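Let's walk through this one together, from the ligand outwards. Have the viewer open as you read.

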Amino acid sequence: MLSQLLWHPAVVLAGLFVVWFVVSLLRRPRLPNTPIVGSRKGDWFPLLQAQCRNTRDFKTALELAYAEARLILVPVAGEGDIFILPLADIKFITDQPDSVLGFSERAFEIFQIDYTFPDPTIPRVPLHETLFRMKLTPQIGSLVPDLADEAAWAFDTHWGSATTDDGWHEVRERGQPRVVGLPFCRDPEQVNNGMAFAIDIPLTSTLIKLVWKPLRPLLAPLITIPNRLHTRRFRKILISEIDRRLRDYDKHQRDPEDNKTLAEAQPNDSCSGRSRKPKPPATLTFIQSRVSDEIHDEIVSVLSAHGGAWNKRALGQLEKLDSAIRESARLSSIVPIGLGRTVVARDGVMTPSGVHLSRGTKTSVAAYCIMRDETAYPGAETFTPFRFSDQRNGNSTQRGPKTDDDDDDDDDDDDQKKADHVRRARMALPTTNPDFLVFGYGRHACPGRFFAAAELKLILAHALLSYEFGILPRKPEGSWVGITRIPPLQATIRIRKRVQA
Ligand code: HEM
C-alpha cells in the first residue's frame with residue numbers, strides 16, 4: 001500500500017519538485033548584501049516583487065540603478081538577478097580574465113544557445129570570433145566595391161517604384177542578410193530564412209527564459225521548431241554550393257595551373273571565408289528627421305574626389321556621416337545593458353568597492369544611462385549629428401577637445417600630429433570606450449564592428465545620394481520589452497527619388 005502511494009505520479013512529481021528546489025537553492029549564487037532596485041519597504045517577497053516592478057518598467061529600474069553609482073541588484077523576470085556595476089568599475093570588468101568573469105557563459109544564458117541554436121557546439125568553439133578578427137576585418141578594403149554594389153541593388157529592389165518615378169513614397173526600413181555571395185544572397189528563400197533565423201534567436205530565447213527551468217528541456221524543442229526549420233532550409237540551399245566549390249577546389253589542387261577554376265571555387269564571399277555579400281543592417285531613423293544637406297554634400301565631395309567609386313579610404317573620409325551614425329547608435333542602441341558577464345571563478349570575485357560576488361552571479365553595466373550621461377555628452381538627450389565630427393576637428397567644448405598648442409618645433413609638431421590622430425580615431429564609429437558601449441568594450445568588443453561601420457556608411461551614402469527624405473512631425477517611438485528596446489518596427493519613412501544636379 002505504502003509503495004503504491006510512493007509511486008503515485010503526483011507524489012513522484014512533488015518529490016522531483018522538492019529535489020529541484022533544493023538543488024537550485026544550493027546552486028543559486030549567494031547574494032551579497034546590496035540594495036535591490038524595485039523593492040519597497042514592507043514587501044513580503046522583496047526579490048519577487050522587485051522583479052515584477054523592474055520587468056514592467058526596466059528603463060526606470062536602470063536609471064535608478066545608475067543614479068546610485070554603486071553595485072546594485074536589479075532582478076528582472078526571465079533574466080534573474082542582475083548586478084549592475086557603476087561606470088567607475090568598467091575597467092575592473094574588462095580587466096578580468098575569462099576564467100573570472102565569463103563572456104560566453106553569459107551569452108549562452110542570454111540567448112539560451114543550448115536550445116536556440118540547432119548545433120550549440122558551433123558557438124562554443126570561438127572560431128567565428130577569430131575569423132571575423134583575422135579574416136574579415138583585414139579584408140574590408142577589398143569588399144567595399146561589392147558591398148556598395150549590393151547596397152544599391154538592395155534599395156532598388158526593396159523600395160520598388162520609389163526608385164523609378166519622382167513622387168513621394170512611404171516605405172518601411174528593411175534589413176536583408178547578404179552572407180553567402182551571388183546568386184544565393186539574392187535568392188528570396190535564402191534571404192527570408194536567414195532573416196527569420198536572426199529574429200528566431202531573440203524571440204525564442206526570451207520565451208524559453210520565461211519557462212520554469214526544469215521544464216525547459218521539454219518545452220524548448222517545441223518553442224524552437226522555427227529555428228530548426230529555417231536553419232534546415234538555409235543549409236539545404238547552401239550545401240549544394242559548398243559541395244560544388246569543394247569539388248572545384250579539389251580540381252584546382254590537382255591542376256594548379258588552372259586559375260580560372262580557383263577563382264570560381266573561391267569567390268569573394270563568406271562561403272570561401274572571404275565575405276562578399278554581407279548583411280546591410282539598415283537603420284535609417286536619423287535621416288528621416290534630419291535630412292542633412294551637409295552629409296549629402298560631404299558624400300558627393302568625397303565620392304568625386306575618389307573618382308566616383310567607393311574604397312576604404314573614401315569611407316574613412318565620411319566624417320559627418322560617421323558621426324551621425326555614431327550619435328544615432330548612442331541614443332538608439334537596442335541593448336540597454338552592456339558588458340554582460342557571469343562570475344565563473346570558483347571562489348567568486350571581489351569588486352573594487354569590496355563586495356564579494358560568488359560564482360554564478362550575473363553582472364552588467366547600465367549602458368543606456370552611461371551613453372546618456374551629461375558628463376560625457378552635454379545635451380545628451382538631444383540628437384546632435386555632428387557631435388563626434390566636431391570633436392574630431394576640435395570644434396567642440398566636449399571631452400577630448402583639440403589643444404591650442406601651435407608651437408612650430410618639429411618634435412612638438414610630431415606629438416601634435418599623433419595626438420590629433422588619436423583624438424580623431426577616438427571619435428570614429430567603431431571606436432569603443434567606457435562611455436560608448438554600442439559595440440561593447442575591452443577584449444570582447446565586437447569583432448564585426450569595423451565591417452558593420454563600413455557597411456552602414458555605404459548603405460546610408462547610397463540612400464542619401466539617391467533619395468530625399470521627408471521630415472516626420474516627430475521621431476517614431478520604440479518600446480521596451482523587459483531588458484530589450486524594440487525599435488519602431490511598423491514606422492514608415494517618406495522618400496522620393498533625388499533629382500541629380
Ligand atoms: C551594428 C552592428 C553590431 C552591433 C551593434 C554589435 C554589437 C556587439 C556587442 C555589444 C557585443 C558584445 C561586446 C561585449 O560585451 O563586450 C558584440 C560581440 C560580438 N559581435 Fe557584434 N555587433 C554588430 C555587428 C557584428 C557583425 C557584423 C559581426 C560579424 C561579422 C559581429 C560579431 C560579433 C561577435 C563574434 C561577438 C563576440 C565577440 C567575442 O566573443 O569576444 N557583430 N557585438
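Helices here are DSSP runs of H or I with at least four residues, numbered from the N terminus. With that in hand, start at the ligand: α9 (127–136) and α22 each put at least two residues into the shell around it. Keep in mind that you're looking at a predicted model.

How many residues surround the ligand? There are 21, and the closest are G440, H444, C446, G448 and A452. If you're wondering which helix gives the most to this shell, it's α9, with 4 residues. As for chemistry, the shell splits into 14 nonpolar, 5 polar and 2 charged residues.

Now zoom out for a moment. The chain holds 22 helices and 12 strands. Of its 501 residues, 32% are buried. Take the contacts with a separation of 6 or more: 71% of them are between residues 24 or more positions apart.

Next, pick out the open sheet of 5 strands. Its order is β1-β2-β8-β5-β3, and the pairing is mixed. At the edges sit β1 (72–76) and β3 (101–102), each of them pairing on one side only.

Let's cross the sheet from the β1 edge. β1 and β2 run antiparallel, paired over 5 bridges, with V76 standing opposite G80 in β2. These two strands make a hairpin with 3 residues between them. One residue in the turn, G78, has a positive phi of about 85 degrees.

Move on to the next pairing and the sense switches to parallel: β2 (residues 80–85) and β8 (residues 362–365) are joined over 4 bridges. To see the register, find I82, whose bridge partner in β8 is K362. F83 likewise has T363 in β8 as its bridge partner.

On the other pairing of β8, the sense is antiparallel again, with 3 bridges linking β8 to β5 (residues 338–343). Here G338 has V365 of β8 as its bridge partner.

So what about the faces of β8: which residues cover them, and are they buried or exposed? K362 and S364 lie on one side, T363 and V365 on the other, and all four are buried. Both faces of the strand are covered.

V365 also takes us into the largest nonpolar core, which has 74 residues. Within this core, A65, V74, I84, V365 and A366 touch the most other members. Which helix gives the most to the core? That's α22 (residues 449–466), with 12 residues. The core also draws on two domains, taking at least three residues from each of domain 1 (22–111 + 336–370) and domain 2 (128–175 + 280–333 + 377–400 + 428–501).

To finish, put A65 in the centre of your view. Leaving out residues up to four places away in sequence, A65 touches V37, I72, V74, I84 and A366. Among these partners, V74, I84 and A366 are themselves listed with A65 as the core members that touch the most others. And one last look at α22 ties the tour together: this helix gives the most residues to the core, and it supplies at least two to the shell around the ligand.

Key
Residues numbered from 1 in each chain as written. Predicted model: local features only at pLDDT ≥ 70, side-chain atom pairs only at ≥ 80, totals over all residues. Core = buried A, V, L, I, M, F, W, Y, C linked by C-beta atoms within 7 Å. Buried ≥ 20, exposed ≤ 12 C-beta atoms within 10 Å, placed from the backbone. Domains from an automatic or database assignment. Contact = placed C-beta atoms within 7 Å. Near = placed C-beta within 6 Å. Nonpolar A, V, L, I, M, F, W, Y, C, P; charged D, E, K, R; others polar. Pairing = 2+ DSSP bridges.
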